[in-house]
Amino acid sequence: MHRPMTGFAAATAVRRAGLLTLMLTGLLAAWAGCTPPPSDERVVAFVNGKPITQTEFEHEWGALPEATKARYEKEGGQQTFLKELVDDEILLQEARKLGLDQSDAFRDRVRRYKEKLPKDELDRYYEEHAGELLTPLKVRVAQMLLPNFPAAKDLETQVNRGGDFGKFAQRYSIDYKTKAKGGDLGPYRKGLVLPEVDEVLKTLKPGMVSAPIKTEAGYYLVQVTALDPEIIQADQAKRERLRQELLYRKRKLYYDSVIAEIKAKAVVRVYDGSRPVADGLTKR
């Protein structure tokens, strides 16, 4: 026995499942009028006479991930979200008209469906925002530059015996851009260090210090340490925000192109309390 799907859950499922044929096989007929809003429940919108209540709206808004809410806040806030709920209701009504919400195959598809993006496409989007993200090599980098090999080799030995890399860098490094910070360069990212240093750095495990690395500027010692969990968590949050952003853009391009004809036939009224609001949503 199947549990009945809630209205907005089914509507979102229609939209996410990519059922283009659903929206192309018929249009909604405009209903005769709107039912007055219940006296004990505030209504925020009517779609072909079907109310969307304040309680329903707040429930759907509260269920959004924080990254998604942040996107909405940049693009009109809750008013933009309400417009999408109206569109969801229009699609839900179309699904019901065609009997798709009663289909076992449809229910099964909805239950198993997960929003995904092609990995190569998502990777390209991450690459476009590389300056904001950690690389797969999630370490913190510190370096010091010494004038000759013997000095670098001596400090490598002292660090391996328990010496403080940062204090040695502050005292002996001739890289004056990083000297005051104990050689700290922050989380690893592409282009952070010279290519010859980068090549060695990628072979190190957290806590290790390199052997002297010869460059035109002198001899480098580089050390990598594990990143704080908070930095990694922040990076994961940024990646999820970017994933949601890309997914939203793709869905919007697709969604806007196929809903326009159906939506043009719907009767939509958005309410402020018990009064319709003329905000561009009403269509006849």
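Strand 5 and strand 6 make a hairpin, with two residues between them. That's a handy place to start in this predicted model, and the rest of the sheet can be built up from there.

**The sheet**

The two hairpin strands pair in the antiparallel sense over three bridges, with strand 6 covering residues 218–226. Want some landmarks to look for? Lys214 stands opposite Tyr219 in strand 6, and Ile213 stands opposite Tyr220 in that strand.

Strand 6 also pairs with strand 3: eight bridges join these two, and they run antiparallel. Here Ala142 is the residue to find, as it stands opposite Gln223 in strand 6.

Now zoom out a little. The hairpin belongs to an open sheet of four strands, in the order 4-3-6-5, with antiparallel pairing. Which strands stand at the edges? They are strand 4 (184–187) and strand 5 (213–215); each has a single partner strand, so one side of each is left without a neighbour in the sheet. From one strand to the next, the twist averages 30 degrees. As a bit of background, strands of a sheet pair through backbone hydrogen bonds, either parallel or antiparallel.

Two helices pack on this sheet. Helix 8 (residues 149–160) touches strand 3 (139–146) and strand 6, and its direction makes about 20 degrees with that of strand 6. Helix 9 (residues 165–172) also touches strand 3 and strand 6, but its direction is compared with strand 3, at about 35 degrees.

So is strand 6 largely enclosed or left open? Seven of its nine residues are buried, so strand 6 is largely enclosed by the rest of the structure.

**Rings that pair up**

A search of the whole structure turns up six aromatic pairs. Two of them are set out here.

| Ring pair | Distance between centres | Angle between planes | Kind |
|---|---|---|---|
| Tyr72 and Phe81 | 5.2 Å | 70 degrees | edge-to-face |
| Phe149 and Tyr219 | 5.8 Å | 75 degrees | edge-to-face |

The Phe149 and Tyr219 pair takes us back to the sheet. Phe149 lies in helix 8 and Tyr219 in strand 6, so the pair ties together parts that are 70 residues apart in sequence. How do the two sit with respect to the surface? Tyr219 counts as buried, at 18% relative accessibility, while Phe149 counts as partly exposed, at 41%.

In the other pair, Tyr72 is buried, with a relative accessible area of 3%, and Phe81 counts as buried too, at 5% relative accessibility. These two have company: ring pairs link Phe57, Trp61, Tyr72 and Phe81 into a cluster.

**The nonpolar cores**

Phe81 turns up again when you look at the inside of the chain. The largest nonpolar core has 17 residues, and Phe81, Val86 and Ile90 are those with the most contacts inside it. Which elements each supply at least two residues of this core? They are strand 1 (43–47), helix 3 (54–62), helix 5 (78–97) and strand 7 (268–272). Helix 5 gives the largest share, five residues.

There is also a second, separate core, this one of 14 residues, which include Val139, Leu145, Tyr188 and Val193.

**The whole chain**

Stepping back, the chain has 11 helices and eight strands. Of its 284 residues, 43% count as buried. Take the contacts between residues at least 6 apart in sequence: 66% of them join residues at least 24 apart.

**How far to trust it**

The mean pLDDT of the chain is 78, and 73% of its residues reach 70 or more. Two stretches call for some care. Over residues 110–114 the pLDDT is below 50, and this stretch has four contacts in the model beyond near neighbours in sequence. Residues 276–284 are also below 50 in pLDDT, and that stretch has 22 contacts beyond near neighbours in sequence. Where pLDDT is low, the predicted coordinates should not be read in detail.

How values were computed: Residues numbered from 1 in each chain as written. Predicted model: local features only at pLDDT ≥ 70, side-chain atom pairs only at ≥ 80, totals over all residues. Heavy atoms only, no water. Pairing = 2+ DSSP bridges. Axes fitted to C-alpha atoms, helices over the stretch in contact; angles between N-to-C directions. Contact = heavy atoms within 4.5 Å. Core = buried A, V, L, I, M, F, W, Y, C linked by side-chain atoms within 4.5 Å. Buried < 20%, exposed > 50% of the residue type's maximum accessible area, 1.4 Å probe, protein only. pLDDT = per-residue confidence, 0-100. Phe/Tyr/Trp six-rings, centres within 6.5 Å; stacked < 30°, edge-to-face > 60°.
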